[in-house]
Protein chains: 2
Amino acid sequence: MAAFSPSPLRELMPALANKVYFNYGGQGPLPTPSLEAILASWRAIQELGPFTGSVWPYVGGTVSSLRRRLASWCGVPPERLAFTENVSSGCVLPLWGLPWQEGDELLISDAEHHGVVAACRELARRQKLSLASLPVVETRSGSEAARGAVLQALERSLTPRTRLVVLSHLLWTTGQLMPIADVAARLALHPNHPWLLVDGAQSLGSVPVAEAAAAADIYACTGHKWCCGPEGLGVVALSERLLEQATPTLIGWRSLADEAADTGDFHRDGRRFEVATSCTPLFAGLSSSLALLEAEGTDQQRLAQIRQRSAELWEGLGRITSVRPLLDEPPPAGLVSFTVEGQDPATLVQRLGERGIWLRNLPDPSCLRACTHITTSPSDLETLLEALQDLVAA
Amino acid sequence: MAAFSPSPLRELMPALANKVYFNYGGQGPLPTPSLEAILASWRAIQELGPFTGSVWPYVGGTVSSLRRRLASWCGVPPERLAFTENVSSGCVLPLWGLPWQEGDELLISDAEHHGVVAACRELARRQKLSLASLPVVETRSGSEAARGAVLQALERSLTPRTRLVVLSHLLWTTGQLMPIADVAARLALHPNHPWLLVDGAQSLGSVPVAEAAAAADIYACTGHKWCCGPEGLGVVALSERLLEQATPTLIGWRSLADEAADTGDFHRDGRRFEVATSCTPLFAGLSSSLALLEAEGTDQQRLAQIRQRSAELWEGLGRITSVRPLLDEPPPAGLVSFTVEGQDPATLVQRLGERGIWLRNLPDPSCLRACTHITTSPSDLETLLEALQDLVAA
């Protein structure tokens, strides 16, 4: 096996030096140059400011440079992006200011993160909306068949009252890829033209997102998973119609068109969903990590590397008796979920951790999940497969 | 003049090495040991994690250690604190989940930050509430007279429909101190017992806050101003009754009592208002800055130092023809606002900046504002006063 070399980026990640790491979908390792960029940014802010006429061009430049870079990744104009602290904030904040009507239905996939589901439940409770479930988590076939299955499930689940669809781009549980652009096209034909909220927690940095981000109304991402940026900074891409119709809810000086004026007018662009002071050095760190990824190839090329590794892992898992990958074919990206017959996933994760091998378990469907990135090495895969073989035999 | 020495902390702040700094109320300088603590935290997370069974005790310990320290500063149990990204989030987030009724009145002081006012306006628009103004900004007398004036204004402004009062602890414009505990006591006698939201942006780190934070329903603070911590981390202290009656609005995995369960039950304590991933190293940085301040004396002792410097500045300003401090007596804390006859504040700020002297101008009332902290030196005060004398004469 293992006809590949890990990305040279691996050597820049201290987190990968002392462990066998498969939790990119939880948090990506921070490359040393990005930590240095963060530190340099803090030093620049202290040198120029922290609150002076000299520091604002630096702060503004750092933020707008990252906004332009992410706009390019997301295939939307920079004005359609809002920075957030994390992906949950990006998913939820724009929802509260939409013009809901009593009885509107929120159609939520059965593979969404509990946090987003809980937020939708609370929104429904306060606004007297109803909730419905879009079944996608059992879609385990290859991409083309999965696409058809999801669109059929959507067709069956839409009602005249559907007003919002919530669907992840890459399911955090099974690793299946959802046909976001097709879903958006279908929703455009619905008389209500329901809003499309896409949780992109697992997609930005692992799969090309431009088509999906441009098609969704809310496409929420974080910098600290597959992008390998610092924790505490995310971004959400918003559609033109959402920017026109949604008012901000969590409001601070950054939401306001003129901070010094008493008019209270909000920015017309994505900044209306930004709030107040956030940590500028994190912007410098994420810019650095994105630049390092760009240097490794286009998003298509990087996905091909990720898939080579996940396919190898998927095949290796399939060869172990009593291990069963959740997907029927090699994964569309870097998430490889599987079950081990007769073994409690949490216990197995702990035992692997004791050997310095880190993956995670998931509650629903109950399974283990190993992620491969371009920095995954052949030795990582061999070590995990051997340890599993060993623990399963024990 | 100048019978004092600046705090030794000054020598640990690179931002103070190359400028004359009076913008502590905008952002405090970050001490080098705090930047080192941030860096060490990032390195520890990479060494142990970033997403492993080994890293969670470190992350949990860093967060809960800061929570305990801030609880002690705020005079409330740790369970009543929620961490936020900034002070605006702390003010606004708890408001959206309160049980409002159409026609409830929000009584907002005329000295609040535009961001909070805009958030209240949007809340009022959506929930069909009314807005009223509590006049406090013209209160320019010494503390005891100011206390009486504010309580009289409150008495005149309360109506049977008042349901929320919004008041800063230390007014960001004039620097006047508000009698928060007295206001809270008066509101407890009102049939509605209106909620009390206190913007503590200027107070934590400059004046003792325990009495006010324990008396308010929402007491929102930030770590990056008078506490001299990193930007991007704040905290809000919440009353028991607010935690019982307010549901969270910006919801993520950190809001949930059991992240892995599908119940969607929220934490009963302050964590119900926390959202999702934030930047753990910032917690280490703020802990470091608070410890450095603690080492300089009790909050009362530090306030005495701050007031010694602000009084000296206030007196010096009063000696310059055509300069007029806004307050009639030496300031209760470190904010010293003033006007200069015949001069545009923005232009004057720019001219001072050209000389490496940094303060800010404010729109309403139109004025300049210079802040003194324990790190302010006699030379800082002399340089500012001489430059003003010079520019005013020019």
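Mentor: Buried means under 20% relative accessible area, exposed means over 50%, and partly exposed lies in between. Keep in mind that this is a predicted model.

Trainee: Why is Glu122(B) called buried?

Mentor: Its relative accessible area is 5%. The cut-off is under 20%, so Glu122(B) counts as buried.

Trainee: What makes Arg126(B) partly exposed?

Mentor: Arg126(B) has 24% relative accessibility. Partly exposed lies between the 20% and 50% limits, so Arg126(B) falls in that class.

Trainee: How do you know that the side chains of Arg126(B) and Glu122(B) meet in a salt bridge?

Mentor: The N to O distance is 2.9 Å. The rule asks for a Lys or Arg side-chain nitrogen within 4 Å of a carboxyl oxygen of Asp or Glu, so the pair qualifies. Both residues belong to helix α4 (residues 114–127) of chain B and are four residues apart, about one turn of the helix. In general, residues three or four places apart on an α-helix point the same way, because there are 3.6 residues a turn.

Trainee: Why is the pair Glu105(B) and Arg161(B) said to tie together parts of chain B?

Mentor: The closest N and O atoms of Glu105(B) and Arg161(B) are 3.6 Å apart, and the limit is 4 Å, so this is a salt bridge. Glu105(B) is in strand β3 (residues 105–109), while Arg161(B) is in the loop between α5 (143–157) and β5 (162–168), so the parts joined are 56 residues apart in sequence. Glu105(B) is buried at 8%, whereas Arg161(B) is partly exposed at 44%.

Trainee: What makes helix α3 of chain B largely enclosed by the rest of the structure?

Mentor: Ten of its ten residues, 87–96, are buried, so that description follows. Among them are Val87(B), Cys91(B) and Trp96(B).

Trainee: How many salt bridges does the rule find across the interface of chain A and chain B?

Mentor: Zero, although the structure holds 28 over all chains. Polar contact is another matter: 35 residue pairs are found across the interface, both residues being at pLDDT 80 or more. Of the elements of chain A, α1(A) gives the most to the side that touches chain B, with nine residues.

Trainee: Why is the relation between chain A and chain B that of a two-fold axis?

Mentor: A rotation of 180° with 0.0 Å of shift along its axis superposes chain A on chain B, with an RMSD of 0.0 Å. That is the two-fold relation. The same surface serves both copies, as 100% of the contact residues of chain A recur in chain B.

Notes
Residues numbered from 1 in each chain as written. Chains lettered and ligands numbered in written order. Predicted model: local features only at pLDDT ≥ 70, side-chain atom pairs only at ≥ 80, totals over all residues. Heavy atoms only, no water. Polar contact = N/O pair within 3.5 Å; in protein donor to acceptor, adjacent residues only side chain to side chain. Helix = DSSP H or I, 4+ residues; strand = E, 2+ residues; numbered from the N terminus. Least-squares fit on C-alpha atoms with pLDDT ≥ 70 in both. Contact = heavy atoms within 4.5 Å. Buried < 20%, exposed > 50% of the residue type's maximum accessible area, 1.4 Å probe, protein only.
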